[in-house]
Amino acid sequence: MTEHHPRIDQARQLLPELLKDLEAIVNIDSGTYNKAGVDQVGAYLQKRFTDLGFSTSFDSQQEYGDHLIATRKGGNPQGARVLLIGHMDTVFPDGEAEKRPYTQTMLDGREIAKGPGVLDMKVGLLMGMYSVDMLLQEDWNSYQSITFVFNSDEEIGSPVSKELITEWARKSDAALVLEPGRTLETVVSARKSSGLYRVEVWGRSAHAGVEPEKGRNAIIELSHQVQAMQALHESFPGVSVNVTSIQGGDRKNVIPDYAYCDMDVRASNMRGIHEIEEAMQRAVRQQHIPETQAQVSGSMRSLPFEHSEVNAPLIRMTQEAGAELGIAIHDVASGGASDANNTSPVGVPTLDGLGAGGGLAHNPDEYVELEYLPERIALLSGLIERICR
């Protein structure tokens, strides 16, 4: 445990109320495609923000839940404009909240909270709200604005909220993303880009029994392409390539004339993106079965959140806030993308992984560590205060 500090004590006193809120929103199914459920979470959080003096609005959506925007103006027109980002959607199907509702239990002698989306990232939404509430209770007013954007589609890559997030990022001085942290001592300072690519192969169909020699088997050509693509995994620094699905043929007695595979491709910087895209194009130009054709298509859904000098002050301020609490903070990189990949490329200083510690995100046994949750709330509160000084 960390040393005694008034801010940690303050966060600990707020914890019962936060956990009550957490239970309420964890027990609402809010998978990305459950618009009604996500909107119910948004309505709950809107009321809580209104109680704290925030002005709120919704960015209405048809297919997904409405994105919640909550803003509070401060007393310093030249002060910092802080943006906090989180997502209300989860990866879990309908019925999970009833099947395994919010619980607090013990794991290896540690108290934890469990439930669908509890770690990723319903607890993070509340941590952001409560960390600001702690400052407001101290009559703190030395900022220009604090804005929360809670979106509804992050778990599928933020396809409709990306524009909203980048719009707010461009008019902010710092973007803090409330995705889960790894441990008490860590924050996330870099994330790889996330891309989906497809290799398609065209051949020629023929009767598999009577005259197979007249066919050009797209599956066989694709098998060579799959191996060539997978061989590119880690061929450049910070780059990963993984073939994740494959499809070809639809009749058991026909030489297939079409087949494809899908790939998850990630890179830690823009150079890596250019290198891997060029390498994939070179690979598909290598023909293995005569008279077949192959092509690669796709793109990065999100650009990398890179280590940079622009973000360094936020890391330093987090370390200062941690040192005040007796926590030695260090920053780590992640292979997974988040909305930090949408704020960092537009140039706003960005820091991620400021949510709770825990484990098994996207797993039915997902959990939040409750023992040091007050420390994480106090850390976030201290960081926001420093940004606004």
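**Overall architecture and local features of the predicted chain**

The chain comprises 10 helices and 18 strands, in what is a predicted model. Along the principal axes, its C-alpha atoms fill a box of roughly 85 × 45 × 45 Å. Of the 389 residues in the chain, 54% are buried, and the accessible surface comes to about 16600 Å², with 49% of that area belonging to carbon and sulfur atoms. When contacts with a separation of 6 or more are considered, 80% of them are accounted for by residues that stand 24 or more positions apart. The chain carries 35 positive and 55 negative charges, and the mean positions of these two sets are 3 Å apart.

Aromatic rings provide several examples of links within the chain, and nine aromatic pairs are found in the structure. In one of them, the ring centres of Phe49 and Phe148 are 4.8 Å apart and the planes stand at 50 degrees, so the pair is classed as tilted. This pair links distant parts of the chain, since Phe49 belongs to helix H2 (residues 35-51) and Phe148 to strand E6 (residues 145-151), with the two positions 99 residues apart in sequence numbering. Phe49 has a relative accessibility of 0% and therefore counts as buried, and Phe148, at 1% relative accessibility, likewise counts as buried.

A second pair, formed by Trp202 and Tyr258, is also tilted, with 5.8 Å from centre to centre and 50 degrees between the planes. Here too distant parts of the chain are linked, as Trp202 is in strand E9 (residues 194-202) and Tyr258 is in strand E13 (residues 258-267), 56 residues apart. Both members of the pair are partly exposed, the relative accessible area being 32% for Trp202 and 27% for Tyr258. Returning to the Phe residues, ring pairs link Phe49 and Phe148 with Phe54 and Phe150 into a cluster.

Aromatic rings also take part in arrangements with positively charged side chains. Lys171 lies over the face of Trp168, at a distance of 4.1 Å from the ring centre. In another such arrangement, the charged end of Arg198 is placed over the ring of Tyr260, 3.8 Å from the centre of that ring.

The backbone was examined for less common geometry. Most residues other than glycine have a negative phi, and most peptide bonds are trans. Against this background, the peptide bond that runs from Asp120 to Met121 is cis, with omega near -5 degrees, and Met121 lies in helix H4 (residues 118-136).

Positive phi values outside glycine are represented by Asp139 and Ser158. For Asp139, phi is near 60 degrees, and this residue is placed in the loop between H4 and E6. Because its relative accessibility is 70%, Asp139 counts as exposed. For Ser158, which is not a glycine either, phi is positive at about 55 degrees, and the residue is located in the loop between E6 and helix H5 (162-170). Ser158 has a relative accessible area of 2% and is therefore buried, whereas Asp139 is exposed.

Conventions: Residues are numbered from 1 along each chain as its sequence is written. Side-chain values use heavy atoms; hydrogens and water are left out. Helices (H or I, at least four residues) and strands (E, at least two) are DSSP runs, numbered from the N terminus. Buried means under 20% relative accessible area, exposed over 50%, partly exposed in between (1.4 Å probe, protein chains only). Contact means heavy atoms within 4.5 Å. Accessible areas come from the Shrake-Rupley method with a 1.4 Å probe; for residues, only the protein chains shown count as cover. Lys and Arg count as positive and Asp and Glu as negative; His and the chain ends are not counted. The place of a charge is taken as NZ of Lys, CZ of Arg, CG of Asp or CD of Glu. Rings of Phe, Tyr and Trp (its six-membered ring) pair if their centres lie within 6.5 Å; planes under 30 degrees apart count as stacked, over 60 as edge-to-face and the rest as tilted. A charge sits over a ring if NZ of Lys or CZ of Arg is within 6 Å of the ring centre and within 35 degrees of the ring normal.
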